[in-house]
Amino acid sequence: MTEQFEPVIVGFLCNWCSYRAADLAGTARIHYAPNMRPIRVMCSGRVDPQFVLKALREGADGVMIAGCHPGECHYVNGNIKALRRFILLKSMLRQLGVEEGRVQLVWASASEGIILAEKVNKMTEEVRALGPLNWSEKVLGGNGHKIAESVPVAEEV
Amino acid sequence: MSEKVNPVGGERVGVYICHCGSNIAKVVDVAGVAEWAGKLPQVEVARDYKFMCSSLGQDLIEEDIKERGLTKVVVASCSPHMHEKTFRTACERGGLNPFMFEMANIREHDSWTTDDEAAATLKAKALTSAAVERVVHHQPLEPLPVEINPNTLVVGGGIAGISAALELANAGHHVYIVEREPSIGGHMAQLDKTFPTLDCSACILTPKMVDVGQHPNITLLTWSEVEKLDGYLGNFTVSVRKKARYVNEEHCTGCGICIEKCPFKVVDEVFEAGLGERKVIYRPFPQAVPKYPVIDKENCVYFLRGKCKACQKFCPTEPNSIDFEQEDQMLTFQVGNVILATGYDLFDVKRIPQYGYGKLANVFTSLEFERMVNAAGPTEGKIMLRDMETSPKSVAIVHCVGSRDENYHKYCSKICCMYSLKFAHLIHERLPDAEVYNCYIDMRTPGKGYEEFYNRLLKEGTHFIRGKVADVTNAARIPEEEGKLIVQVEDTLIGRQRRIPVDMVILSPAMEAKLDSKEVSQLFKMGCDFDGFFVERHPKLDPVATMTEGIFIAGACQGPKDVPDSVSQGAAAAARVAGLINLGTVMMEPIRASINQDLCSGCKICNNMCPYNAIIFHEDRKVSEVLTALCQGCGTCVAACPSGVISGAHFTNEQLFSQIEGILWDVRPVKELVAV
């Protein structure tokens with residue numbers, strides 16, 4: 001029996017909509033893939049493309065950016081700015097050889113726990129199908145990176 | 001636990017893993033996570049505890065800060081939206097700056113979303129590790145004091161807005177009411193009776209309207225709309241367009257002679273729901289507040305052809321109150337808080353063509369029927385068919401038109417069952433011989449005295465048919481159906497299709513969000529849901545506040561609501577505002593951006609990014625600066641700055657990069673780049 005690959009996805013969730021959608025999914029006991037690890041930002045407009053690159057470099061297999069629906073942004077239109085940056089970032093990632101499905105931008109309002117859960121499930125399966133990212137080989141061509149064999153940070157240094 | 005050599009500036013982090021009874025502990029190995037966290041280099045102490053939010057749990061944090069010299073605290077428990085404040089306060093009691101705290105959400109985002117214990121424990125470790133890595137970079141922050149302007153803006157003069165305004169005004173605070181229509185009163189002014197008490201709607205509403213009109217603490221701006229709102233909690237600047245009435249409010253006595261003498265009539269689509277007429281210079285209804293009439297410019301013959309001026313000729317005031325030269329006025333004033341009570345629209349029944357509205361004359365909407373049974377309405381309270389002569393001998397009332405329907409609105413519109421029952425009662429009262437059929441999906445009558453009212457109707461002889469009406473047609477199949485409207489419905493209690501011939505059909509449409517609610521929500525910088533209703537801060541525990549500080553909501557703009565609920569919500573919003581006014585100064589979260597002026601290159605990219613125009617450019621020094629009072633802390637400029645010199649307090653790049661490293665503790669490359 002071969003063990004199934006469990007991708008690690010870092011999620012950047014905006015404080016007002018998608019973080020609350022994830023809260024609601026939990027409160028409603030909606031079960032979904034545990035692969036997405038959320039980080040709270042005040043607005044999807046705060047997501048610097050560097051965060052995405054950093055997460056991929058540090059071992060994530062995918063990154064999800066989640067914001068309020070267009071027109072519903074708590075900060076008027078931060079999500080639109082996130083969308084613009086996302087489009088540019090995608091073209092850059094393509095050039096680096098990172099598959100399209102690894103970085104996704106989704107919208108979920110505070111009342112859409114189930115929608116967020118579905119999107120996490122869908123993305124988890126898509127990234128699972130793509131397999132591990134292996135940034136050091138794929139992007140750096142094996143140039144200096146070694147992948148840890150589940151060594152906790154505690155034993156580092 | 002032994003003393004450790006600490007790599008990050010001598011930080012000593014305390015980590016607390018909450019069991020939340022069994023909510024977390026059932027799935028996550030909390031003791032294992034705590035033990036593991038204790039080995040992290042920056043961590044001084046890691047414990048697990050049954051309920052961290054209990055006073056004993058908080059005491060643990062306090063004691064450890066004092067006794068073990070903690071400099072930072074992490075609690076892994078529920079969502080920060082639940083208890084961040086609780087634990088920040090506990091840190092403060094222990095002598096730490098409240099911002100030296102970070103929360104890991106291992107309940108809503110973890111234990112409640114999976115049964116897989118290994119995966120949940122791994123995720124809990126990742127979230128805890130992320131919080132630890134982040135918290136060591138936390139800086140002490142001081143909350144920003146904001147003064148609250150004691151004036152309040154209430155948008156919408158329906159019963160919810162009236163209720164909110166009167167509560168505040170009676171408490172001694174000044175209120176501006178802005179109402180789009182020429183009079184306050186809203187939908188309640190159009191109704192005849194209110195369920196279940198059958199109080200005359202106008203009789204209970206008009207005294208409140210008069211109170212509003214005469215109150216020394218209320219500035220009433222009708223026939224006006226808010227065009228712009230700038231600022232933040234405590235300090236909003238409102239711009240209002242006061243549309244030209246063409247009647248001078250200073251001179252007009254409200255005698256009504258101009259209305260009497262105006263020679264032209266038009267169909268009143270608003271107040272009389274298209275069932276009656278009004279003059280071109282008009283007051284929507286006799287008890288309107290304020291009493292001044294309005295000239296309907298689009299239909300006024302003087303404005304169209306330059307002749308008439310009958311109103312001006314007959315106006316008895318000195319100087320003359322009619323002013324054809326009047327122009328829209330722009331008013332600007334300051335308020336501290338805003339209560340939105342913008343009300344609802346009724347579902348357009350033409351969207352369901354099989355119910356025949358607009359094609360079959362004797363299909364009416366509920367609002368048309370309200371006006372018809374109203375003694376002050378176009379038929380003076382007589383129930384008549386569209387020919388305005390014949391009384392119906394049989395009436396069918398169709399519930400759930402556009403609500404509880406996959407094709408239109410999925411939600412239950414809450415009030416339709418009750419007002420449909422009220423209609424049945426009023427028909428029995430006015431036309432004792434008429435047969436009344438109520439076609440309902442489910443009878444929903446929760447509320448004080450509501451079920452009793454339903455029982456009363458059961459005894460009054462109404463025919464209740466449980467089933468959703470398929471269509472309304474005039475195509476007769478048998479002689480008895482000739483000239484009638486036939487309601488086709490499956491009676492689900494007897495399991496049979498029925499064709500009910502009636503003279504009149506009343507459709508009970510759903511309450512829906514105002515057509516322009518999306519634009520309004522953007523104007524006030526707060527959210528609305530898919531249906532267009534405004535989103536409250538918390539659906540159960542905070543139903544009147546919104547996600548935007550200083551903006552409150554009341555009444556049917558938040559969701560379908562009856563009169564008592566709207567009144568309570570209006571009063572509740574007023575109480576929240578009064579609380580803020582009494583405080584005088586509130587503390588705001590110091591999550592704000594700031595620009596390092598020494599490093600700013602003056603590219604101005606951030607200037608246009610800011611949705612609040614909070615970033616100004618100093619032409620003399622060629623650098624940008626964030627105005628802290630206007631900044632809302634979204635961080636868009638931080639992410640946009642090409643020089644990386646804008647810092648978002650509490651969400652700095654350093655903090656987020658460390659959080660990313662922490663959250664990926666198990667998959668990170670062992671070493672940093674060797675080559676390159």
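Here is a short walk through chain B, with something to select at each stop. What you have open is a predicted model, where local features need pLDDT of at least 70, side-chain atom pairs count only at pLDDT 80 or more, and totals for chains, interfaces and linings use all residues. Residues are numbered from 1 along each chain as its sequence is written, while chains are lettered from A and ligands numbered from 1 in the order in which they are written.

Start by selecting the whole of chain B. Its C-alpha atoms fill a box of roughly 95 × 70 × 50 Å along the principal axes. You'll be scrolling past 17 helices and 34 strands; these are DSSP runs numbered from the N terminus, helices being H or I of at least four residues and strands E of at least two. Of the 676 residues, 49% count as buried, that is, with 20 or more other C-beta atoms (placed from the backbone) within 10 Å of their own.

Next, pick out strands 20, 27, 21, 22 and 23 of chain B: they form an open sheet in the order 20-27-21-22-23, with parallel pairing (two strands pair if DSSP finds at least two bridges between them). Strand 20 (363-365) and strand 23 (463-466) are the edges, each pairing on one side only. Neighbouring strands are turned by 20 degrees against each other on average, direction ignored, with axes fitted to C-alpha atoms.

Now zoom in on residues 435-440, strand 22 of chain B, which 4 bridges join to strand 23 in parallel. Which residue of strand 23 is the bridge partner of B:Y437? Look for B:H463.

Methods. Buried ≥ 20, exposed ≤ 12 C-beta atoms within 10 Å, placed from the backbone. Axes fitted to C-alpha atoms, helices over the stretch in contact; angles between N-to-C directions.
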